[in-house]
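Dear colleague,

I am passing on to you the structure that we spoke about, and I would be glad if you looked through it before reading my notes below.

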Amino acid sequence: MPFSIDRVVPWGRNAAEYRAMFALDDTHRGGRILGCGDGPASFNAEMSAQGVTVVSVDPLYAVSAAAIERRVEETFDEVMDQMRRNPDEFVWTHMPSVEELGRRRMAAMHRFLADYPRGKAEGRYVEASLPELPFEDDEFDLALSSHLLFLYSDQFNLAFHIRALEEMLRVAAEVRVFPLLQIGGTPSLHVEGVVDAFGSRGADATVEPVQYEFQRGGNRMLRLRRHR
Ligand SMILES: C[S@@+](CC[C@H](N)C(=O)[O-])C[C@H]1O[C@@H](n2cnc3c(N)ncnc32)[C@H](O)[C@@H]1O
């Protein structure tokens, strides 16, 4: 199906959230990081400003900053309404309120939008869609998926997840995925299938706790590592 911005709900997290979701520390600063489905997150903008090499891929990068900004404005109230209607699905410890969530998400998206034209020209925002990546083997040290794989388990079946993760593991020695829950906050049924599939094909597949929980029960990431 061709990419249509009307089907995308632009909603982006910031670098502090990525660091917590993926347990990133200073050992990652010297490496090359690939973010798959980074959308309007400010991870790339913030990390690049600190001298860390980050490349983001997303079909959203087919369109202009103005089109993304329009879509953010069109969908913001609807997303905020959904959050207000389902507060029990979330943990409000680090995020004090729905209003603060909206403020932080908009700040991240504006940071992204300010960086997007330059980042696109520098090859840091690349239009591409899993399960295919336009990169050579081993171009990256670490590949991340935040709020794409497992979250949209209804739209993407197990075979898609395995193909996408194989592709990420082709271009990076290690892959991390967060969260392991699907929309609605229930555990993704694909996690077990993915762990079994990679365990039997020459990779370490582990589920690890992280210091981040916003979807209630969503405080674990999947880590895949190729055997050397
Ligand atoms: C919920 S957003 C998450 C954005 C960001 N990763 C974050 O956590 O803040 C999901 C993103 O996945 C992107 N996406 C959808 N299908 C994709 C695919 N097949 N390959 C890569 N990205 C995809 C969407 O365009 C959207 O930007």
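What follows is a short account of the ligand's surroundings and then of one residue.

Please keep in mind that this is a predicted model, in which local features need pLDDT of at least 70 and side-chain atom pairs count only at pLDDT 80 or more, while totals for chains, interfaces and linings use all residues. Residues are numbered from 1 along each chain as its sequence is written, and side-chain values use heavy atoms, with hydrogens and water left out.

The ligand is surrounded by 17 residues (each with a heavy atom within 4 Å of it), and the closest are Arg13, Gly37, Asp58, Leu130 and Ser146. Three polar contacts, meaning pairs of N or O atoms within 3.5 Å, can be described here: a polar backbone atom of Arg13 is 2.8 Å from an oxygen atom of the ligand, an N or O atom in the side chain of Tyr18 is 2.9 Å from a ligand nitrogen atom, and a polar side-chain atom of Asp58 lies 2.6 Å from an oxygen atom of the ligand. Taken alone, the ligand exposes 600 Å², of which the protein buries 91% (areas by the Shrake-Rupley method with a 1.4 Å probe).

Arg19 is found in helix H1, residues 15-21 (a DSSP run of H or I, at least four residues long). Leaving aside neighbours within four places in sequence, Arg19 is in contact, that is with heavy atoms within 4.5 Å, with Leu24, Met47 and Gln50. The C-alpha atoms of Arg19 and Gln211 are separated by 9.4 Å, although these residues are 192 residues apart along the chain.

With best wishes

Methods. Polar contact = N/O pair within 3.5 Å; in protein donor to acceptor, adjacent residues only side chain to side chain. Helix = DSSP H or I, 4+ residues; strand = E, 2+ residues; numbered from the N terminus.
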